[in-house]
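Student: I've just opened this one and I'd like to know where the labels come from. Could we go through them together?

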Amino acid sequence: QVQLVESGRGLVHAGGSLSLSCATSGRIFSINTIGWYRRAPGKQRELVATITSGGSTNYRDSVIGRFTISRDNAKNTVYLQMNSLKPEDTAVYYCNADGVLTISLRTNFWGPGTQVTVSS
């Protein structure tokens, strides 16, 4: 069974930095795209950043220049470095793996989420 577990939750002041990581476990042969989504209170979940196995990245406009996504293909792990954090970045951050090649037919997986709170 494939599992994703996020780490790096925290409370920081505006302008601060925080690093998230997402570790995967289970019988995974490859992951096409892995990345981060977030859900702020009262809002829908939104894409933050994704990265393909080839290294192509995609960011939501509001985090460009502040957040950096990276991955370790050998470990099937993804990271999110968040700098210059703003109160509007406060949300539960979820790791997502899509296009997962594993022993089951399921190809998309989510982590349970980790809370990021940015105080003003």
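Tutor: Sure. The protein has 11 strands and zero helices, where helices (H or I, at least four residues) and strands (E, at least two) are DSSP runs numbered from the N terminus. This is a predicted model, so local features need pLDDT of at least 70, side-chain atom pairs count only at pLDDT 80 or more, and totals for chains, interfaces and linings use all residues. Residues are numbered from 1 along each chain as its sequence is written, and side-chain values use heavy atoms, with hydrogens and water left out.

Student: What makes the protein as compact as a globular protein of its length?

Tutor: The radius of gyration, taken over C-alpha atoms, is set against the globule rule, 2.2 Å times the number of residues to the power 0.38. For 120 residues the rule gives 14 Å, and the protein's own radius of gyration is 14 Å, so the protein is as compact as a globular protein of that length. The C-alpha trace spans about 45 × 25 × 20 Å along its principal axes.

Student: How much of the protein is buried?

Tutor: Buried residues are 39% of the 120. The cut-offs are these: buried means under 20% relative accessible area, exposed over 50%, and partly exposed in between, with a 1.4 Å probe and protein chains only.

Student: Why is arginine 38 called buried?

Tutor: Its relative accessibility is 5%, and buried means under 20%, so arginine 38 counts as buried. Aspartate 89, at 1%, is buried by that cut-off too.

Student: How do you know that aspartate 89 and arginine 38 form a salt bridge?

Tutor: A salt bridge is a side-chain nitrogen of Lys or Arg within 4 Å of a carboxyl oxygen of Asp or Glu. In this pair the closest N and O atoms are 3.0 Å apart, so it qualifies. Aspartate 89 lies in the loop between strand S8 (77-82) and strand S9 (91-102), and arginine 38 in strand S4 (residues 28-39), so the pair ties together parts that are 51 residues apart in sequence.

Student: What does glutamate 46 pair with?

Tutor: Glutamate 46 forms a salt bridge with arginine 38, at 2.8 Å between the closest N and O atoms. Glutamate 46 also bridges to arginine 60, with the closest N and O atoms 3.4 Å apart. That pair links distant parts of the chain: glutamate 46 is in strand S5 (residues 46-52), and arginine 60 is in the loop between strand S6 (57-59) and strand S7 (67-72), 14 residues away.

Student: Why are glutamate 46 and arginine 60 called partly exposed?

Tutor: Glutamate 46 has a relative accessible area of 25%, which falls between 20% and 50%, so it is partly exposed. Arginine 60, at 24%, falls in that range as well.

Student: How many salt bridges does the structure hold, and which residues are linked in a network?

Tutor: The structure holds four salt bridges. The network links Arg38, Glu46, Arg60, Arg66 and Asp89.

Student: What is notable about the phi of asparagine 76?

Tutor: Asparagine 76 has a positive phi of about 50 degrees although it is not a glycine. It sits in the loop between S7 and S8, and its relative accessibility of 13% is under 20%, so it counts as buried.

Student: And where is serine 84?

Tutor: Serine 84 is in the loop between S8 and S9. Its phi is positive, about 50 degrees, although serine 84 is not a glycine. At 39% relative accessible area, it lies between the two cut-offs, so it is partly exposed.

Student: What does threonine 52 touch?

Tutor: Contact means heavy atoms within 4.5 Å. Not counting residues up to four places away in sequence, threonine 52 touches Asn32, Thr33 and Arg71. Threonine 52 is in strand S5, and its 23% is above the 20% limit and below 50%, so the label is partly exposed.

Student: Which residues does serine 25 touch?

Tutor: Serine 25 touches Gln1, Val2 and Gln3, again leaving out residues up to four places away in sequence. Serine 25 belongs to strand S3 (residues 18-25). Its relative accessible area is 33%, so serine 25 is partly exposed.
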